[in-house]
Amino acid sequence: MAAMAYNENRLMLEQISCDCGLQHGVPDMDIYIGSGILGQLPAYLGRRNLGTHVVVITDNIVHDIAGRAVVDLLRQAGYAVKLCLLEREEPLLPNEAALGEVLLTMDTATEFFVSVGSGTLTDIARCVASCTGKPFVSVGTAASMDGYTSVIAPLLHGNQKVNKPAGYPEVLVCDIEIMKTAPPAMMISGFGDVVGKYIAKADWILGRIVNGETYCPACVSIIDDAVGHCVAAIDEIRQGTEAGVQRLIEGLVMAGLTVLIIGHTRAVASMEHNMGHYWEMLKLQRGEDHPSHGTAVGVATGYVLRFYEQFLSADLKDVDLAAIQEQRWTAAQREQAVMQAYGQAVGRKLLDQEDNGLISWDEQLRRIRVLQENMDRIRAEIAFLPSLAELMAMYERLGAPKTAAEIGIERDLLTNSLLYGKDYRNRYSVFNAAWELGCLDEWVQAVVDNE
Ligand SMILES: [Zn+2]
Ligand SMILES: [Zn+2]
């Protein structure tokens with residue numbers, strides 16, 4: 001990646017110079033990416049003075065791939081290692097049972113944690129480390145999502161998804177030799193999480209134009225590089241070559257870092273993520289399997305692109321303001337719709353979030369006028385979006401799923417995610433614009449009908 005510089009496999013994180021108005025921080029984190037670097041782990045840890053008593057957290061699948069090697073390396077280097085091996089016949093879930101097993105493995109001498117695995121294992125370690133006030137280290141084993149550098153742990157409590165605020169690892173080690181042995185589905189998931197950034201950028205531009213949102217060109221340029229380099233490496237990623245896997249994990253790590261740089265996820269997540277979260281939550285409520293995070297995001301990105309095509313080809317000059325005002329929901333109508341779409345428990349939580357309410361008619365009118373006056377500018381500024389055909393060609397080359405049906409998402413979940421994904425959090429997107437223009441139902445119908 002052009003902007004990426006290494007010093008002996010350690011990523012050099014430079015100060016960001018940007019006058020967008022946001023605070024830009026550089027995380028105090030050592031990130032190592034390279035082939036065959038796992039053996040350096042004790043040296044990497046030594047530089048951080050994390051202590052000598054460590055709990056290594058892994059599952060039965062990753063234990064054979066890298067977990068055992070990590071335990072051996074650390075013991076040989078003199079660390080007192082306790083192994084928390086999460087043995088499961090089904091895929092490991094980041095739930096109360098897993099968190100409890102870590103607590104039962106640690107003791108008062110424990111000074112830090114090392115997770116060996118991808119998203120789920122990192123999130124388990126992230127949560128326990130944060131709750132016990134201790135540092136943790138992540139040994140990543142798959143380029144499957146951008147959450148290694150996250151500060152939120154998505155966990156399960158019963159069958160409910162909960163997002164726990166937590167910390168980022170002090171050290172992240174991505175050994176490409178290990179990562180390239182991960183199943184292709186995990187790389188497809190990673191690629192989906194990266195291409196979703198197209199939508200995040202388009203929606204952020206829309207938010208800047210319509211609502212004057214602060215927009216960070218430095219973060220966007222990091223994301224542009226991440227996406228561009230992954231898209232250029234599709235064939236290599238599919239073949240699982242070292243170069244391909246390296247581009248993918250670099251893209252994911254860099255995209256994830258923007259969250260730490262500006263302290264929020266505006267640059268990396270918008271409606272494509274909300275739709276993925278919706279599918280996951282509803283599948284959990286139904287007691288059914290759900291697609292992996294990045295795979296869901298990748299498929300959702302295709303539907304959001306279809307929706308953007310509706311928006312960009314619409315003629316907003318003669319919208320019927322009286323009809324739009326007439327259609328406006330009362331708070332009670334909205335509450336009922338959100339509760340029905342998300343289920344009582346999640347719906348209530350979303351409605352109780354701050355600033356997640358209805359806007360006034362005056363504000364709606366203002367936004368409609370800004371959209372009407374700025375459509376040419378909007379079309380020009382979001383011309384970078386790939387066409388649906390271009391995205392589908394990428395998925396074809398990668399061997400990635402293209403439709404909701406292929407990943408087990410039924411028609412009702414797809415439709416509801418398009419209609420109510422915007423209610424997942426208060427973040428302006430093209431779906432909010434459509435809602436405020438009175439076009440949401442019609443455009444969602446067109447997207448679902450023309451699949
Ligand atoms: Zn993501
Ligand atoms: Zn900035």
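Visitor: Which residues are exposed on the side of helix α17 opposite its buried ones?
Guide: Let's start with the terms: helices (H or I, at least four residues) and strands (E, at least two) are DSSP runs numbered from the N terminus. A residue counts as exposed if 12 or fewer other C-beta atoms, placed from the backbone, lie within 10 Å of its own, as buried if there are 20 or more, and as partly exposed in between. By that count, the exposed residues there are A389, E390, E396 and R397.

Visitor: What kind of model is this?
Guide: Residues are numbered from 1 along each chain as its sequence is written, while chains are lettered from A and ligands numbered from 1 in the order in which they are written. Local features need pLDDT of at least 70 and side-chain atom pairs count only at pLDDT 80 or more, while totals for chains, interfaces and linings use all residues, for this is a predicted model.

Visitor: Within what arc do the buried residues of α17 fall?
Guide: Helix α17 covers residues 388-398, and L391, Y395 and L398 are buried in it. The arc is taken from the directions from the helix axis to the C-beta atoms. Seen down that axis, the buried residues line one face of the helix, because they fall within an arc of 65°.

Visitor: Which helices are among those covering these buried residues?
Guide: Contact here means C-beta atoms, placed from the backbone, within 7 Å. The cover includes α6 (184-195), α9 (234-239) and α12 (293-313).

Visitor: Where does the largest nonpolar core lie?
Guide: Such a core is a set of buried Ala, Val, Leu, Ile, Met, Phe, Trp, Tyr and Cys residues joined through C-beta atoms within 7 Å. This one has 136 residues, with V56, F113, V173, F191, L248 and F307 touching the most other members. Helix α10 (residues 242-262) gives the most, eleven residues. Both domains give residues to the core, so it lies between domain 1 (6-182) and domain 2 (270-451).

Visitor: What distance separates the centres of the two domains?
Guide: The domain bounds come from an automatic or database domain assignment. Six residues of domain 1 are in contact with nine of domain 2. Taken over C-alpha atoms, the centres are separated by 33 Å.

Visitor: Which residue in the turn between β8 and β9 has a positive phi?
Guide: Strands β8 (residues 152-157) and β9 (residues 160-165) run antiparallel, joined by six bridges; pairing requires at least two DSSP bridges. L156 stands opposite K161 in β9. The strands form a hairpin with two residues between them, and the residue with a positive phi, about 65°, is G158.

Methods. Contact = placed C-beta atoms within 7 Å.
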